[in-house]
Amino acid sequence: MKKKKKSKISKILLPVFLLFILLFSLLFIKAIRIDVNSEVELEDINDNFVNLESYKLLDLEQLGEGKNVILFSANWCGSCLNIKATLNKLSSEYLDTRFFILNLDSNRDIAGNYGIGVVPALITKYGKDVEIFNEVRPEQIEEIVLNFSYL
């Protein structure tokens with residue numbers, strides 16, 4: 001008779017225990033997500049290198065005329081950090097070009113308008129001329145900017 005009582009108690013405790021684990025897991029994942037979404041600061045940002053990761057834009061036209069290089073990035077993206085550093089360096093060499101960093105998660109509407117769904121992605125924009133580079137690799141950045149500078 002005692003065994004039946006234990007099994008009834010087990011049947012009650014097991015779902016409670018599983019529910020507890022599920023709730024704890026969700027809270028833990030939420031805490032990690034908050035940490036991942038925090039903004040990454042770069043040192044020695046040049047005037048033509050603008051980090052807009054914490055802003056939501058309505059359209060790329062807000063960035064103005066002239067030569068613009070826009071990196072769609074995410075804080076969890078390792079390649080994006082390398083590309084940000086490269087763009088920061090290039091911004092001191094190509095003074096007639098403005099470099100922008102946008103967070104894909106905050107700017108999904110704009111990214112979707114240009115067919116961008118993964119990071120890193122790069123857009124070069126000069127007036128109405130727009131070129132899109134999806135899943136760009138860090139070693140491609142300097143060549144892309146060099147070719148863009150000839151426009």
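**Exercise 1. Over the ring of which residue does the charged end of Lys-67 sit?**

*Solution.* The model under study is a predicted one. In this model, the charged end of Lys-67 sits over the ring of Tyr-126, at 5.8 Å from the ring centre. The criterion requires that NZ of Lys be within 6 Å of the ring centre and within 35 degrees of the ring normal. Lys-67 belongs to strand E2, which spans residues 67-73. Tyr-126 belongs to strand E4, which spans residues 121-126.

**Exercise 2. Determine how many helices and strands the chain has, and in what pattern they follow one another.**

*Solution.* Step 1. The chain contains four helices and five strands.

Step 2. Along the sequence, these elements give the pattern α-β-β-α-β-α-β-β-α.

Step 3. Contacts show how the parts of the chain meet. Among contacts with a separation of 6 or more, 69% are between residues 24 or more positions apart.

**Exercise 3. Establish the order of the strands in the sheet and identify the edge strands.**

*Solution.* Step 1. A general principle comes before the details: strands of a sheet pair through backbone hydrogen bonds, in either a parallel or an antiparallel manner.

Step 2. Here five strands make up an open sheet with mixed pairing, in the order E1-E3-E2-E4-E5. The edge strands are E1 and E5 (129-133), each of which pairs on one side only. From one strand to the next, the twist averages 15°.

Step 3. The pairs may now be taken one by one, following the order of the sheet.

- E1 (residues 49-51) and E3 pair in the parallel sense over three bridges; Val-50 stands opposite Phe-100 in E3.
- E2 and E3 run parallel and are joined by seven bridges. Asn-68 stands opposite Arg-98, Val-69 stands opposite Phe-99, and Leu-71 has Ile-101 as its bridge partner.
- E2 and E4 run antiparallel and are joined by six bridges. In E4, Lys-125 is the bridge partner of Asn-68, and Ile-123 is that of Ile-70.
- E4 and E5 run antiparallel and are joined by five bridges; Ile-123 stands opposite Ile-132 in E5.

Step 4. The link between E4 and E5 can also be described. These two strands form a hairpin with two residues between them, and Gly-127 in the turn has a positive phi of about 65°.

**Exercise 4. What is the handedness of the crossover from E2 to E3, and which strands does H2 touch?**

*Solution.* Step 1. E2 and E3 run parallel, joined by seven bridges. The chain passes from E2 through helix H2 (residues 78-93) to E3, and this β-α-β crossover is right-handed.

Step 2. H2 packs on the sheet and touches E1, E2, E3 and E4. The direction of H2 makes about 160° with that of E2.

Step 3. Helix H4 (residues 141-149) also packs on the sheet, touching E2, E3, E4 and E5. The direction of H4 makes about 10° with that of E4.

**Exercise 5. Describe how far strands E2, E3 and E4 are covered.**

*Solution.* Step 1. For the chain of 151 residues, 34% count as buried.

Step 2. In E2, seven of seven residues are buried. In E3 (residues 97-103), six of seven residues are buried. In E4, five of six residues are buried.

Step 3. The two faces of E2 are both covered. On one side lie Lys-67, Val-69, Leu-71 and Ser-73, and on the other lie Asn-68, Ile-70 and Phe-72; all of these are buried.

**Exercise 6. Why does Phe-72 count as buried or exposed, and which residues is Phe-72 in contact with?**

*Solution.* Step 1. Phe-72 is found in strand E2. Phe-72 counts as buried because its relative accessibility is 0%, and the limit for a buried residue is under 20%.

Step 2. Neighbours within four places in sequence are set aside. Phe-72 is then in contact with Leu-102, Leu-104, Asn-107, Ile-110, Ala-111, Ile-116, Val-119, Pro-120, Ala-121 and Ile-123.

Step 3. One of these partners is Asn-107. Phe-72 and Asn-107 are 35 residues apart along the chain, and their C-alpha atoms are separated by 8.6 Å.

**Exercise 7. How many aromatic pairs does the chain contain, if ring centres must lie within 6.5 Å?**

*Solution.* The rings considered are those of Phe, Tyr and Trp. By this rule, the count of aromatic pairs is zero.

Terms used:
Residues numbered from 1 in each chain as written. Predicted model: local features only at pLDDT ≥ 70, side-chain atom pairs only at ≥ 80, totals over all residues. Heavy atoms only, no water. Buried < 20%, exposed > 50% of the residue type's maximum accessible area, 1.4 Å probe, protein only. Pairing = 2+ DSSP bridges. Right-handed = clockwise from strand over helix to strand, strands pointing away. Phe/Tyr/Trp six-rings, centres within 6.5 Å; stacked < 30°, edge-to-face > 60°. Axes fitted to C-alpha atoms, helices over the stretch in contact; angles between N-to-C directions. Contact = heavy atoms within 4.5 Å.
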